[in-house]
Amino acid sequence: MINITFPDGRVSQYESGVTAMQVASSISEGLARNVLSAKVNGEVWDASRPIHHDATLQLLTWDDKDGKATFWHSSAHLMAEALEAIFPGVKFGAGPPIENGFYYDVDPGDRKLGEDDLARIEQKMLELARNKSDYVRREVPKAEAIAYFKEKGDEYKLELLEDLEDGTITFYEQGNFVDLCRGPHIPNTDKIKAIKLLKVGGAYWRNDETRNQMTRITGITFPKQKELDEYLHMLEEAKKRDHRKLGTELELFMFSERVGAGLPIWLPKGTQLRERLTNFLKEEQEKRGYKLVVTPHIGHKNLYVTSGHYEKYGKDSFQPIHTPREGEEFLLKPMNCPHHCEIFANRPRSYKELPLRIAEFGTVYRYEQSGELHGLSRVRGFTQDDAHIFCMPEQVKGEFLNVLDLTRTVLSKMGFAEFTAQISLRDPNNPSKYIGSDEVWNIAEAAIIDAAKEANLNTVTVLGEAAFYGPKLDFMVKDALGRSWQLGTIQVDYNLPNRFELEYIGPDNQAHRPVMIHRAPFGSMERFISILIENTAGKFPLWLTPDQYALLPISERYVDYCTDIQQQLAKFDIRGFVDDRNETIGRKIRDTEIKKVPIMLIVGEKEAESNAVSVRLQGDGDKGSMSIELFVEYFKSLL
RNA sequence: GCCAGCAUAGCUCAGCUGGUAGAGCAGCUGAUUUGUAAUCAGCUGGUCGGGGGUUCGAGUCCCUCUGCUGGCUCCA
């Protein structure tokens with residue numbers, strides 16, 4: 001007999017060799033039906049794998065992250081079986097579960113797989129799932145495994161086998177498909193009831209761009225059709241909120257092939273929105289001691305040779321601009337920091353003026369790879385809400401707290417009340433990767449950790465993710481659809497102060513090297529606005545939205561009255577427009593609803609007689625008639 | 001940059017296996033003067049993304065460039 005310990009601490013005795021599935025059955029049939037896999041001593045196992053020693057056991061179902069992962073991993077195998085059935089001779093790379101679903105990288109040989117093939121593969125998968133095949137685990141000697149895949153001619157699996165040790169190799173088999181796989185898997189294919197293959201695209205073998213490219217088929221499966229329907233509905237919703245679509249419809253921004261790919265053009269409404277965001281941040285920064293500067297869009301090539309950016313990125317970016325003078329070269333600025341370093345170096349600095357916080361809404365240009373461009377979120381010219389804080393090492397923590405406070409204020413005002421912070425530290429096993437002394441790194445890392453703790457942030461710490469020049473903290477927000485986005489960043493930098501030989505005179509009358517902190521709460525205006533659009537579905541907060549109201553006269557007779565109201569409201573800094581088109585009121589309301597203008601003020605004979613407006617809120621309907629004075633109060637209550 | 005796909009009017013799309021382009025919406029003009037999500041009628045609008053080729057003939061087939069979409073790689 002062996003002792004099985006459950007998550008609640010309860011211990012039960014079972015025969016040695018009992019499986020998780022049998023344990024589940026001993027508790028309840030319903031539970032057994034739902035078990036997908038099990039965590040045995042913290043490791044995820046097949047529910048059908050015998051347990052021979054005392055163990056802790058957690059049964060995993062669809063409600064567990066690991067249960068879903070098992071389900072999707074098995075779905076990948078099912079897809080592979082379908083592919084092999086339809087396209088004999090197809091070779092398989094890797095097929096793991098992912099956050100939402102699974103993929104399998106395959107080499108289809110001479111034929112091409114496209115979107116058109118997906119429906120057929122789905123059908124085959126459903127057919128195979130209904131065969132109710134068990135997933136069977138088998139331990140296989142390495143020699144046998146090699147022989148099997150040699151026979152099959154699958155060089156990818158053979159390559160994977162090279163890295164595996166004899167005695168640790170397992171095969172999984174379901175139906176007519178055998179795969180090299182560590183597992184675990186669900187008990188039977190019959191659990192997979194609903195299948196949708198979503199994408200087909202290229203993927204490099206082993207994520208290495210020098211190796212050949214495979215075809216990646218991505219899909220998702222569910223135990224119930226209803227869950228698939230809900231998931232597809234969510235995808236539809238995300239599509240409706242796509243900032244590229246909304247940005248075009250709301251006339252916020254545009255792109256032009258003639259101007260160039262990845263170079264956004266801000267239309268009047270988008271510019272209004274962006275200016276309001278910028279001004280808001282400027283005010284918050286001023287309260288916190290930042291000094292605003294403006295620097296040119298280009299700089300001598302030597303500036304970036306000094307900063308090191310030219311060496312690292314020069315050949316992959318916009319190429320130098322030449323002048324009539326021979327040998328003279330300028331670069332479009334890819335970063336604001338070198339310019340800001342020059343501001344610091346402008347004259348001798350005293351410790352008394354530190355921390356010096358230099359802020360700039362600086363537009364930078366980077367030649368992103370063509371395949372990477374995406375709406376506003378990945379562009380070749382963008383404006384960072386940048387600042388560089390030059391301070392003494394012992395001031396780093398205080399400055400971090402200052403930046404965290406700013407970021408929290410800014411994000412919560414934007415409706416991102418919750419965010420997590422990813423702290424990226426050195427790789428302890430590889431200290432030579434980093435510049436700067438251990439001493440300053442220790443101070444900075446401790447400062448970040450302390451500051452995050454003091455600010456009560458939700459944090460995730462990742463070792464080895466620090467930049468070579470310093471540790472950093474990135475802000476991750478979740479949007480209304482539950483998607484995660486990386487927004488702003490704070491980075492400590494020991495590199496640039498060295499390269500630019502920055503110094504301040506300390507209280508000891510000696511020269512010292514300042515620490516530099518890069519930070520951008522939004523990251524870039526472009527990327528932030530893209531996320532804001534998708535999070536709000538284009539219904540921006542009232543203070544931020546380009547037009548706060550639309551005045552809708554019932555007929556042309558009341559246009560003058562509307563213009564009068566518009567002027568009255570302008571005195572209270574309430575902005576909007578008059579829809580003076582010769583259209584019915586129903587039409588004007590419909591068009592305004594679609595434009596997502598938050599407030600509609602409807603004006604006809606009744607209102608004109610009593611100096612009133614009839615208020616309707618976007619998406620929320622009629623709010624009744626009120627005097628202008630009352631409306632101003634009502635408006636303020638909405639802010 | 002790589003893989004797969006797409007590009008027809010301002011927008012959304014139709015146009016079978018090659019036989020010199022069509023709808024709805026938008027826009028313009030007129031009528032209507034309207035009470036909480038589309039008033040009616042008429043009209044305009046496209047060298048079918050650019051260039052090259054095959055063909056008697058190309059929106060349709062081939063090549064190439066540009067842009068876009070989904071992946072991959074990258075992201076100071």
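Reader: Which sugar or linking oxygen contact does a backbone atom of Gly202 make with RNA strand B, and at what distance?
Author: In this predicted model, the contact of Gly202 with RNA strand B comes from the backbone, through an N or O atom. The partner on RNA strand B is a sugar or linking oxygen, and the distance between the two atoms is 2.8 Å.

Reader: Which side chains place a polar atom by a base oxygen or a base nitrogen of RNA strand B?
Author: A base oxygen of RNA strand B lies 3.0 Å from a polar side-chain atom of Glu556. A base nitrogen of RNA strand B, in turn, lies 2.6 Å from a polar side-chain atom belonging to Arg590. The side chains asked for are therefore, given that a polar contact is a pair of N or O atoms within 3.5 Å, those of Glu556 and Arg590.

Reader: How many residues lie around RNA strand B, and which come nearest?
Author: The surface near RNA strand B divides into 12 nonpolar, 15 polar and 20 charged residues. Among the elements that each supply at least two residues of this surface are strand 14, strand 15 (213–222) and helix 18 (585–594). There are 47 residues around the strand, and those that come nearest are Gln213, Glu372, Asn582, Arg587 and Ser614.

Reader: Of the atoms of RNA strand B within 4 Å of the protein, what share belongs to sugar or phosphate?
Author: The atoms of RNA strand B within 4 Å of the protein belong either to sugar or phosphate or to bases. The share that belongs to sugar or phosphate is 49%.

Reader: Is Ile192 buried or exposed?
Author: Ile192 sits in the loop between strand 13 (177–180) and strand 14 (194–204). Leaving aside residues up to four places away in sequence, its contacts include Phe71, Leu78, Tyr135, Ile186 and Phe222. Because its relative accessibility is 2%, and buried means under 20%, Ile192 counts as buried.

Reader: Where are the cis peptide bonds that join Gly183 to Pro184 and Leu354 to Pro355?
Author: Most peptide bonds are trans, whereas the bond between Gly183 and Pro184 is cis, with omega about -5°. The bond joining Leu354 and Pro355 is also cis, and its omega is about -5°. Pro184 is in the loop between strand 13 and strand 14, and Pro355 is in the loop between strand 22 (349–350) and strand 23 (356–365).

Reader: What are the phi values of Glu501 and Asp573?
Author: Most residues other than glycine have a negative phi. Glu501, in the loop between helix 15 (495–499) and strand 29 (504–505), is exposed, with a relative accessible area of 60%. Asp573, in the loop between helix 17 (559–570) and strand 33 (576–578), is exposed too, at 66%. Neither is a glycine, yet phi is positive, at about 50° for Glu501 and near 60° for Asp573.

Reader: Why do the buried residues of helix 1 line one face of the helix, and within what arc do they fall?
Author: The residues of helix 1 (residues 20–27) that are buried are Ala20, Val23 and Ala24. An α-helix has 3.6 residues a turn, so residues three or four places apart point the same way. The buried residues of helix 1 pack against several elements, including helix 2 (29–34) and strand 7 (55–60). Seen down the axis of helix 1, these residues line one face because they fall within an arc of 100°.

Key. Residues numbered from 1 in each chain as written. Chains lettered and ligands numbered in written order. Predicted model: local features only at pLDDT ≥ 70, side-chain atom pairs only at ≥ 80, totals over all residues. Heavy atoms only, no water. Helix = DSSP H or I, 4+ residues; strand = E, 2+ residues; numbered from the N terminus. Buried < 20%, exposed > 50% of the residue type's maximum accessible area, 1.4 Å probe, protein only. Contact = heavy atoms within 4.5 Å. Near = heavy atom within 4 Å. Polar contact = N/O pair within 3.5 Å; in protein donor to acceptor, adjacent residues only side chain to side chain. Nonpolar A, V, L, I, M, F, W, Y, C, P; charged D, E, K, R; others polar. Arc of directions from axis to C-beta.
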